[in-house]
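Work through the exercises below with the model on screen. Try each task before reading its solution.

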Amino acid sequence: MMQNQLPADELAHVRDEIRMLRTREVALRKCFTEDCDDGLYEGCEFDVVVRMQKRCVLNQNRLPAEILNDPQYFDVRYAPTVRVKPRSQPRLPMDLSQSGVDGPADNFDVIETWT
């Protein structure tokens, strides 16, 4: 990953990495869960333990319409959403020009001369 990124760019790159890691995790989980119920899989540093777990899940499709359409059964909650969208035109950090100099080129002192 590049250093000294603007936070928006870094967030986009982090999300790309997370997406790739999640895809890899799904593929690896399939290695352990396809065609098996329980098991222990040994590695060099870690072991994977697969166990079937039972849980109850509410099936909203089976609820009667009078409950689904009644606002007293619902809470309204607000949470911030953070979206990342690509820019149509890339922008240099701190509004630098394409030459890398902010402002006219003759607006600085010579620190050292080269011979």
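**Exercise 1. The chain as a whole**

What percentage of the 115 residues in the chain do buried residues make up? Then list the elements in order and describe the surface.

Solution.
- Keep in mind that this model is predicted.
- Start with burial. Buried residues make up 3% of the chain's 115 residues. To count as buried, a residue must have a relative accessible area under 20%.
- Next, take the elements. There are two helices and two strands. Read from the N terminus, their order is α-β-β-α.
- Now the surface. About 12200 Å² of the chain is exposed, and 53% of that comes from carbon and sulfur atoms.
- Finish with contacts. Consider those with a separation of 6 or more: residues 24 or more positions apart account for 21% of them.

**Exercise 2. The span of α1**

How many residues does α1 have, and what distance does α1 reach from its first C-alpha to its last? Set that distance against the expected span.

Solution.
- Find α1 at residues 7-33. The helix has 27 residues.
- From first C-alpha to last, α1 reaches 38 Å.
- At 1.5 Å a residue, 39 Å is expected, so the computed reach is close to the expected one.
- Step past the end of the helix. Asp35 comes just after α1 and has a positive phi of about 60°.

**Exercise 3. The segment before α1**

Which residues does Gln5 touch, leaving out those up to four places away in sequence? Say also whether Gln5 is buried or exposed.

Solution.
- Locate Gln5 in the segment before α1.
- Check its cover. Gln5 has a relative accessible area of 17%, so it counts as buried.
- List its contacts. With the residues up to four places away set aside, Gln5 touches Glu10 and His13.
- Look closer at Glu10. Its backbone nitrogen is 3.1 Å from a polar atom of the Gln5 side chain.

**Exercise 4. Salt bridges**

How many salt bridges does a search of the whole structure find? Describe each pair.

Solution.
- The search finds two.
- Take Arg19 and Asp16. Their side chains meet at 2.7 Å, N to O. Both residues lie in α1, three residues apart, which is about one turn of the helix.
- Asp16 has 36% relative accessibility, so it counts as partly exposed.
- Take Asp75 and Arg77. Their side chains meet at 3.8 Å, N to O. The cut-off is 4 Å, so this pair counts.
- Asp75 and Arg77 are both exposed.

**Exercise 5. The strand pair and its approach**

How many bridges join β1 to β2? Follow the chain into the pair from the loop before it.

Solution.
- Four bridges join the strands. Strand β1 covers residues 39-42, strand β2 covers residues 47-50, and the two run antiparallel.
- One bridge can be named: Gly39 has Val50 as its partner in β2.
- Now the link. A hairpin of four residues leads from β1 to β2.
- Step back to Asp38, in the loop between α1 and β1. With 44% relative accessibility, Asp38 counts as partly exposed.
- Compare positions. Asp38 and Val50 are twelve residues apart along the chain, yet 4.9 Å separates their C-alpha atoms.
- Set aside neighbours within four places in sequence. Asp38 is then in contact with Val50, Arg51 and Met52.

**Exercise 6. The loop after β2**

Which backbone nitrogen does the side chain of Asn59 reach?

Solution.
- Place the residue. Asn59 lies in the loop between β2 and α2, where α2 is 65-68.
- Check exposure. At 32% relative accessibility, Asn59 counts as partly exposed.
- Follow the side chain. It reaches the backbone nitrogen of Asn61 at 3.0 Å.

Key
Residues are numbered from 1 along each chain as its sequence is written. This is a predicted model: local features need pLDDT of at least 70, side-chain atom pairs count only at pLDDT 80 or more; totals for chains, interfaces and linings use all residues. Side-chain values use heavy atoms; hydrogens and water are left out. Two strands pair if DSSP finds at least two bridges between them. Buried means under 20% relative accessible area, exposed over 50%, partly exposed in between (1.4 Å probe, protein chains only). A polar contact is a pair of N or O atoms within 3.5 Å; within protein, one must be able to donate a hydrogen and the other to accept it, and residues adjacent in sequence count only if both atoms are side-chain atoms. Contact means heavy atoms within 4.5 Å. Accessible areas come from the Shrake-Rupley method with a 1.4 Å probe; for residues, only the protein chains shown count as cover.
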